[in-house]
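I opened this entry to look up how the chains meet, how the sheet is ordered and what surrounds the DNA.

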Number of protein chains: 2
Amino acid sequence: MSSTVDKALGLLAYFTQTHPELGLSELARRAGADKATVHRMLGALCKHGMLEQDSSTKLYRLGAATLRLARNREASFPIAMMIEGVLNKLTAKTGETSHASMIAGNALATIGIVEGTSAIHVTLDAGESLPFHATASGIACLAFMPPERVRLMLSRKLASFTERTETSAPVLQQMIDLAYVQRIAHSDQSYEADVYGIAAPVFGSDGHACGAIAIATPAHRMTPNLKQLFGTVVRDAAIEVTRKLGAEPPQSYLSRNRKAAA
Amino acid sequence: MSSTVDKALGLLAYFTQTHPELGLSELARRAGADKATVHRMLGALCKHGMLEQDSSTKLYRLGAATLRLARNREASFPIAMMIEGVLNKLTAKTGETSHASMIAGNALATIGIVEGTSAIHVTLDAGESLPFHATASGIACLAFMPPERVRLMLSRKLASFTERTETSAPVLQQMIDLAYVQRIAHSDQSYEADVYGIAAPVFGSDGHACGAIAIATPAHRMTPNLKQLFGTVVRDAAIEVTRKLGAEPPQSYLSRNRKAAA
DNA sequence: GCAGGCGGTTCATTATTCACACCTCTGGTT
DNA sequence: AACCAGAGGTGTGAATAATGAACCGCCTGC
């Protein structure tokens, strides 16, 4: 069920923007594992530069190898930089924070954020791992992923983040079905309070979702009109990204799109 | 000696710019491990998004989590972007390819490259993991690292990359000592043929080297004058980076520096 | 000086990984 | 068409590596 490698990699998820440095005991506590175990894992992670240890405070933080790997990936499959441009346009159009993420295992990895220009706008954690079931981006992806993967995702224990987080698999399936029809997913404060999300899927060359483009707005600001408008803008941005990746949205997606002109 | 986590992370090193996608069998062959073992490790790596698998070719490549982790690290400890500026200046001054790397476990992680402007200049692999003993950057780091770590490094089996790679620990120790005195390390085609490297250490807040700035030039172009000139320029760039990181080169380094003025 | 936190280590128990075999599928050759 | 070679992936006893409680030395704040 959970290999050692699995647990070790899981440790990396605890290093967030808000907690960039962690100690051995704290990490062990969070991971629910023994100190000795965690210590050995941390040793391995440090050895490969995924983490590094401050020699004075003894705290661990993400290491230089993470930069190397990202550079490496960008060199072979440039995405982040291209995305940046699309997000900039998106934020310019809407004034709201825009945001791109890609499927990374069993979660979404944020790969780009452009902060909104309004005086009040959503601020997102740069390197957070987002849950599928509680975010608009996640639902948008699930709506265009192979059904068996969706079933697998929904069969897990679904964490609750706010009072409004939906954790019932059947209800989520309905939301996914709706997102499939609308080609847009919405989330109303299901991950963070006061944040409303609107997301559209980005497709890979296999015709399935490989990520999502999203707009995050203060929930109180949303109106039906805005939802409609932002939905269209986000959808267009996602289609643009898909094409720039060298892929093409599936017919079932495009045929319903009245603005299909290149 | 080598934990499972260790081996699994080692797999990531095989994904280079020249080989961005690898299959199961090939990875198993390179890692010298069994297919079943590698398959399980790949599964774990995929689960966390460190790798992803092309659904049609079944090949593996670096995943989106690498981007997330790098973003995360940059958000907490911004280095890459600052480095970029310094490297640009360095290349503008010299016309040659400049390059920054950080200690990442038992190797150096490339975190920045700016290609030279000369018609003929060195081109480096973006995300390669560099060996300490065969690169100028590595020697520069070793010269200002805790002696016991140096001993540990040199006690390993040292790979040979070109006919001129030095693999004898005592000789390397001499080169390290020389680099300590000169505050600059040179490498003459010890890692790649026809490439001459000049590197200076970047210091962390603990007073030890945490990385290096380097210039890579075509070997045939080097002259004693250029070596002298480039050495000074690289050293100044490295000191600048050290200070921008909020650290300070140790007295033993600066006191020998005639251009110590801020 | 003592209690409680920390990072780190040790060692017998135990669960995991390992290596080899095998299966299926694809793609090229005869 | 038959065939073979290599691909990715999956089971199974034997061996190895992970585990976790106790423990150590260190530091900070009572």
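I looked first at the contact between the chains, which takes 51 residues from chain A and 50 residues from chain B, with two residues taken as in contact if their C-beta atoms, placed from the backbone, lie within 7 Å. On the side of chain A that touches chain B, H4(A) gives the largest share, 12 residues (helices are DSSP runs of H or I with at least four residues, strands runs of E with at least two, numbered from the N terminus).

I noted that this is a predicted model, in which local features need pLDDT of at least 70 and side-chain atom pairs count only at pLDDT 80 or more, while totals for chains, interfaces and linings use all residues. Residues are numbered from 1 along each chain as its sequence is written, and chains are lettered from A and ligands numbered from 1 in the order in which they are written.

I then followed the open sheet of chain A, whose 6 strands pair antiparallel in the order E5-E4-E3-E8-E7-E6 (two strands pair if DSSP finds at least two bridges between them). The edge strands are E5 (129–130) and E6 (185–188) of chain A, each pairing on one side only. E6(A) is joined to E7 (residues 195–203) of chain A by 4 bridges, and A:Asp188 stands opposite A:Tyr196 in E7(A).

Last, I looked up DNA strand D, which 18 residues surround, A:Asp34, A:Ala36, B:Ser3, B:Gly23 and B:Ser25 being the closest; a residue is near a strand if its C-beta atom, placed from the backbone, lies within 6 Å of it.
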